[in-house]
Amino acid sequence: MRWFLLAILFSCSNPPSDIPEVVPGANFLDKGRYLVTTLGHCGACHGENLSGGLAFEDSFGESFGSNLTILHQRTVKEIVSSLRESKNPEAHRGFEWMSDGDAIAIATYLRSLYPIQNDIPARDIDFFTRNTKGFLTSSKNVRGAVPDVPSSEKGKYLVNSVARCSECHSGSTSLFGSVEYMGGGKELKKGDQIHIAPALNDYSKLELVAYLRTGTTPDGRKSIFCPTDFFKRSDKSDLELIAGYIEGLRN
Ligand code: HEC
Ligand code: HEC
């Protein structure tokens with residue numbers, strides 16, 4: 001029944017475009033659910049049940065992960081665009097190069113969610129900040145198709161565009177100088193608690209997989225900001241690809 005309704009919804013949508021509006025097969029829903037609830041760690045900011053409300057602090061101040069259970073009125077294409085060009089450019093950085101296949105699967109899954117009412121305050125950035133701090137220019141605009149990556153590139157792709165380890169573990173981009181890839185340095189704040197995401201170059205593949213599955217370092221420190229609660233539900237094969245890619249950066 002649900003598929004029948006989805007089929008009707010999709011068939012009513014807008015003119016042809018680079019992001020297809022017709023979504024084939026139930027495997028898209030499963031793939032979307034997997035990416036959202038595991039490697040994509042959407043719930044880290046949009047709430048465990050995806051109805052929103054968690055604060056995310058960036059250089060423009062605080063904004064709240066929005067309610068993702070009420071997007072039924074939006075087309076797949078619109079949701080894919082929000083994912084790639086969020087109103088909070090830092091929160092979603094990296095997703096702009098998520099493949100069309102993965103982004104469409106995610107949008108399909110979000111549209112299938114049962115709506116949960118939860119009013120989330122919208123972002124309020126004053127005119128001056130918008131125009132002086134690069135808020136408008138910092139969101140990328142992806143045009144055209146982003147193909148699936150070949151399997152030899154999948155670890156790198158998951159690290160940069162899905163799990164986005166690189167976003168936190170590479171520090172925050174400043175106006176001065178560049179940041180070292182995976183060299184650590186981004187500060188995460190929640191109330192008084194501030195943690196800096198460390199460099200990952202001392203970790204072996206085995207240790208990385210163990211951390212992602214347990215949220216605990218070899219010397220017993222537990223993750224707080226690192227979204228291991230989501231990563232630990234991922235397929236071990238994906239975690240191995242991620243860890244293998246990061247280990248390979250040492251050479
Ligand atoms: C680091 C925090 C963070 C993560 C992780 C994150 N988001 Fe977001 N997302 C945000 C914030 C903040 C906004 C902007 C809210 C606003 O408009 O002020 C947003 C906005 C969105 C929007 C636009 C919603 C609307 O009502 O217009 C969509 C869709 C979305 N996110 C989907 C996702 C999906 C899917 C994932 C996982 C693959 C994800 N997000 C992961 C923080 C995050
Ligand atoms: C939202 C930001 C964020 C993302 C995304 C993220 N991490 Fe982390 N990570 C952190 C922070 C901050 C810490 C420090 C401990 C804490 O607060 O959880 C950490 C800790 C770690 C540690 C332990 C390091 C140590 O010695 O304490 C490892 C290993 C790690 N992360 C690997 C990863 C990998 C691999 C990924 C991607 C699959 C990833 N992280 C994604 C923020 C992040």
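**Notebook: two iron sites and one helix**

I began with Cys226, which at 22% relative accessibility counts as partly exposed, because the cut-off for buried is under 20%. I note at the outset that this is a predicted model, and that I am reading computed values throughout.

**Entry 1, the iron atom of ligand 2.** I looked up what holds this metal, and found that His169 (NE2) and Cys226 (SG) coordinate the iron atom of ligand 2 at 2.0 to 2.3 Å. His169 sits in helix H8 (residues 165–169), whereas Cys226 belongs to the loop between helix H9 (205–214) and helix H10 (228–231), so the two residues tie together parts that are 57 residues apart in sequence. I then checked His169 for accessibility and found 10%, which counts as buried, while Cys226, as I wrote above, is partly exposed at 22%. The site has six donor atoms with angles of 87 to 179 degrees among them, and I record it as octahedral. For comparison I wrote down that ideal octahedral angles are 90 or 180 degrees.

**Entry 2, the surroundings of ligand 2.** Which residues come nearest to ligand 2? I counted 25 residues around this ligand, of which Cys165, Cys168, His169, Tyr203 and Cys226 come nearest. Looking next at polar contacts, I found an N or O atom in the side chain of His169 at 2.8 Å from a nitrogen atom of ligand 2. A polar side-chain atom of His195 lies 2.6 Å from an oxygen atom of the ligand, and for the side chain of Tyr203 I noted an N or O atom 2.5 Å from an oxygen atom of ligand 2. The elements that give two or more residues to this shell are H8, H9 and helix H11 (236–248). By class I have 18 nonpolar, five polar and two charged residues in the shell around ligand 2.

**Entry 3, the iron atom of ligand 1.** I turned to the other iron and asked which protein atoms serve as its donors. They are His46 (NE2) and His92 (NE2), each lying 2.0 Å from the iron atom of ligand 1. This pair links distant parts of the chain, with His46 in helix H3 and His92 in the loop between H4 and H5, 46 residues apart. The six donor atoms around this iron subtend angles of 87 to 179 degrees, which makes the arrangement octahedral. Are these two histidines buried or exposed? His46 counts as buried at 11% relative accessibility, and His92 counts as buried at 16%.

**Entry 4, the surroundings of ligand 1.** I found 24 residues around ligand 1, with Cys42, Cys45, His46, Ser63 and His92 coming nearest. Polar side-chain atoms of His46 and of His92 each lie 2.8 Å from a nitrogen atom of the ligand, and Arg74 places a polar side-chain atom 3.1 Å from an oxygen atom. Helix H3 (43–46), strand S2 (61–64), helix H4 (76–84) and helix H5 (100–111) are the elements giving two or more residues to this shell. I list its residues as eleven nonpolar, nine polar and four charged.

**Entry 5, helix H7.** Lastly I looked up helix H7 (residues 154–162), whose buried residues are Gly155, Tyr157, Leu158, Val159, Ser161 and Val162. These buried residues pack against helix H2 (27–37), H5, H8 and H11. After H7 comes Arg164, for which I noted a positive phi, near 50 degrees.

Definitions and conventions: Residues are numbered from 1 along each chain as its sequence is written. Chains are lettered from A and ligands numbered from 1 in the order in which they are written. This is a predicted model: local features need pLDDT of at least 70, side-chain atom pairs count only at pLDDT 80 or more; totals for chains, interfaces and linings use all residues. Side-chain values use heavy atoms; hydrogens and water are left out. Donors are N, O and S atoms within 2.8 Å of the metal (3.2 Å for Na, K and Ca); water is not among the atoms, so sites may look incomplete. Four donors count as tetrahedral if all angles lie between 85 and 135 degrees; four count as square planar and six as octahedral if opposite donors are over 155 degrees apart and all others between 65 and 115; anything else is irregular. Helices (H or I, at least four residues) and strands (E, at least two) are DSSP runs, numbered from the N terminus. Buried means under 20% relative accessible area, exposed over 50%, partly exposed in between (1.4 Å probe, protein chains only). A residue is near a molecule or strand if one of its heavy atoms lies within 4 Å of it. A polar contact is a pair of N or O atoms within 3.5 Å; within protein, one must be able to donate a hydrogen and the other to accept it, and residues adjacent in sequence count only if both atoms are side-chain atoms. Ala, Val, Leu, Ile, Met, Phe, Trp, Tyr, Cys and Pro count as nonpolar, Asp, Glu, Lys and Arg as charged, and the others, Gly among them, as polar. Contact means heavy atoms within 4.5 Å.
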